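Colleague: Could you pick one part and take me through it closely? I would like to know how it is held at its start, how covered it is and what empty space it borders.

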Amino acid sequence: MGNAPGSLESLRRTNRLRVLQTVQSRGAASRADIVRLTGLSRTTVSSLVADLLAEDLLVERTDQQPLPVSPNGGRPATLLTLNPGSGGYLGVHFGHDSVRVAVADLSCTVLAEEQRDVAVDEHVRDSFGYAHRAALRLLEQLDLPASRMVGLGVAVSAPVRHGSGTLASPSPLKGWDDVDVAGEWHRRLHLPVHVGNDANLGAVAEWMFGAGRGVDDFVYVMLSDGVGSGIILKGQVHEGATGTAGELGHVVVAPDGYVCRCGNRGCLETVAGGRALALALSQARGPDTTLDDVLRLTAAGDVGALRAVEDAGRAVGHALSGLCTMLDPRLIVVGGRTGTAGEPLLEGIRATLARELSPPLNRSVRVVPGALGTRAEVLGAIALAHRETPAHVLPGATPAGALPGAVPGAVREHAR
């Protein structure tokens with residue numbers, strides 16, 4: 001009778017998984033967060049958390065930043081995470097011109113990572129081959145068997161078809177049309193695979209671990225070789241009807257400008273993308289100028305580089321002004337390689353928003369640098385695997401004899 005639907009034991013198992021799912025989806029959560037997000041009573045949450053701590057499924061973080069003391073003078077809340085030692089995740093980011101691979105524990109702390117410049121646009125098989133070898137290399141270095149990994153997240157610089165693990169066609173990554181990214185990885189590592197657009201996953205990473213933490217309505221702008229954005233609304237990624245919401249790089253900002261790789265003319269990417277910035281400075285610095293050169297010169301205070309970066313920021317601000325007017329976000333987080341240019345870029349964005357937004361909107365939205373730098377997208381891939389792994393398949397999550405199928409809420413959450 002203990003497994004009968006509606007029994008106290010069945011209800012406790014359901015609530016136990018709800019607690020695990022809440023901690024899992026947030027990356028870290030306090031007991032008060034769990035009460036608020038699940039609707040369970042404080043007494044129930046306290047009892048369930050005590051059990052999960054005793055079983056080593058949850059741990060109390062010892063490295064957390066101190067939280068503000070409550071108005072009543074109480075102690076700062078202690079954050080709970082999944083036990084890092086009971087398993088792990090793999091994350092992969094396929095950018096336009098590089099591949100990054102990382103291994104993380106169940107608390108999403110990165111244990112090891114590797115990155116290499118690869119012409120991803122042109123060499124699909126080489127990119128997969130390198131990423132696969134790097135994943136195996138990192139696991140060997142950590143003395144972790146692949147069987148301890150519970151999921152793999154993949155970030156790709158292209159729109160991803162809803163729920164398919166395949167890229168929309170035509171793909172901005174040349175040669176990647178209809179590539180079954182999830183299927184390719186599953187054949188190689190035999191793990192559950194979750195695939196997402198890299199800008200969307202960068203937004204998730206900044207929301208869970210970085211500059212967007214605690215803000216449920218913001219826009220993440222990824223400025224690298226390409227330009228993209230991820231939109232977080234009410235704590236959820238907004239992907240749009242076809243999965244292409246946030247393609248900020250293809251908003252037209254210069255109608256008479258250069259032809260973009262998408263076939264349109266004057267897209268933001270042709271003005272603020274990495275190649276555009278290098279080209280803008282090449283007249284003064286020579287035809288071999290790269291984005292890294294632009295960033296180095298900007299940091300050194302070179303007036304030409306500063307002008308190029310500020311102009312790019314103004315163009316980004318122009319593309320964002322309509323988005324901000326429609327969505328009213330609280331925050332704009334600027335990341336990617338070009339995001340490391342810092343204040344000259346941010347000031348260009350702020351100046352345009354100040355000119356083009358209505359005063360109430362302009363006063364309410366802040367523009368800040370990303371906290372995760374160029375690692376945001378691979379951290380987002382790890383976060384995707386973390387959030388999409390059903391709580392009942394985590395090591396030890398389901399007590400012996402319990403039936404995962406008896407907890408339909410966890411399955412529905414994963415399917416959604």
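Modeller: Let me begin with a term: a polar contact is a pair of N or O atoms within 3.5 Å, one able to donate a hydrogen and the other to accept it, and neighbours in sequence count only through two side-chain atoms. What you see is a predicted model, where local features need pLDDT of at least 70 and side-chain atom pairs 80 or more, while totals for chains, interfaces and linings use all residues. Numbering runs from 1 along each chain as its sequence is written, and side-chain values use heavy atoms, without hydrogens or water.

My choice is helix α6, residues 198-209 (helices are DSSP runs of H or I with at least four residues, strands E runs of at least two, numbered from the N terminus). Its N-terminal end is capped by Asn197, which places a side-chain oxygen 3.1 Å from the backbone nitrogen of Ala199. The 12 residues of α6 should span 16 Å at 1.5 Å a residue, and the end C-alpha atoms are indeed 16 Å apart (the expected span is 1.5 Å times one less than the number of residues).

Now for how covered α6 is. Of its 12 residues, 11 are buried (under 20% relative accessible area with a 1.4 Å probe, protein chains only; exposed is over 50%, partly exposed in between). From the start of α6, the buried residues run Asp198, Ala199, Asn200, Leu201, Gly202 and Ala203, and then on through Val204, Ala205, Glu206, Trp207 and Met208.

That brings us to the empty space. Searching the whole structure gives 3 cavities of 30 Å³ or more (a cavity is a set of points on a 1 Å grid where a 1.4 Å probe fits but cannot get out, and lining residues have an atom within 4 Å of a point). Along with β9 (227-233), α6 is one of the elements that give two or more residues to the lining of the largest cavity. The largest share, 3 residues, comes from β9. This cavity has a volume of about 140 Å³, and 17 residues line it, with His96, Ser157, Val227, Glu247 and Arg261 nearest its centre. It lies between domain 2 (87-201 + 376-392) and domain 3 (212-371), because both give residues to its lining.

For a second helix to set beside α6, try α1, residues 8-26. Its 19 residues should span 27 Å at 1.5 Å a residue, and its end C-alpha atoms are 27 Å apart, so the two values agree. The buried residues of α1 include Arg13, Arg16 and Gln24 as well as Leu17, Val19 and Leu20. After α1 comes Gly27, with a positive phi near 85°.

Some loop residues make a useful contrast. Most residues other than glycine have a negative phi. Asp56, in the loop between α3 (42-54) and β1 (58-60), has a positive phi near 65°. Asp56 counts as partly exposed because its relative accessibility is 46%. Asp143 also has a positive phi, about 55°, and sits in the loop between α4 (124-141) and β6 (149-156). With a relative accessible area of 68%, Asp143 is exposed.

Notes:
On a 1 Å grid over the protein atoms alone, a cavity is a set of points where a 1.4 Å probe fits but cannot get out, and a pocket is an open set with protein on both sides within 12 Å along at least five of seven lines; lining residues have an atom within 4 Å of a point. Grid points are joined across faces, edges and corners, and a volume is the space filled by probe spheres set on the points. Domain bounds come from an automatic or database domain assignment.
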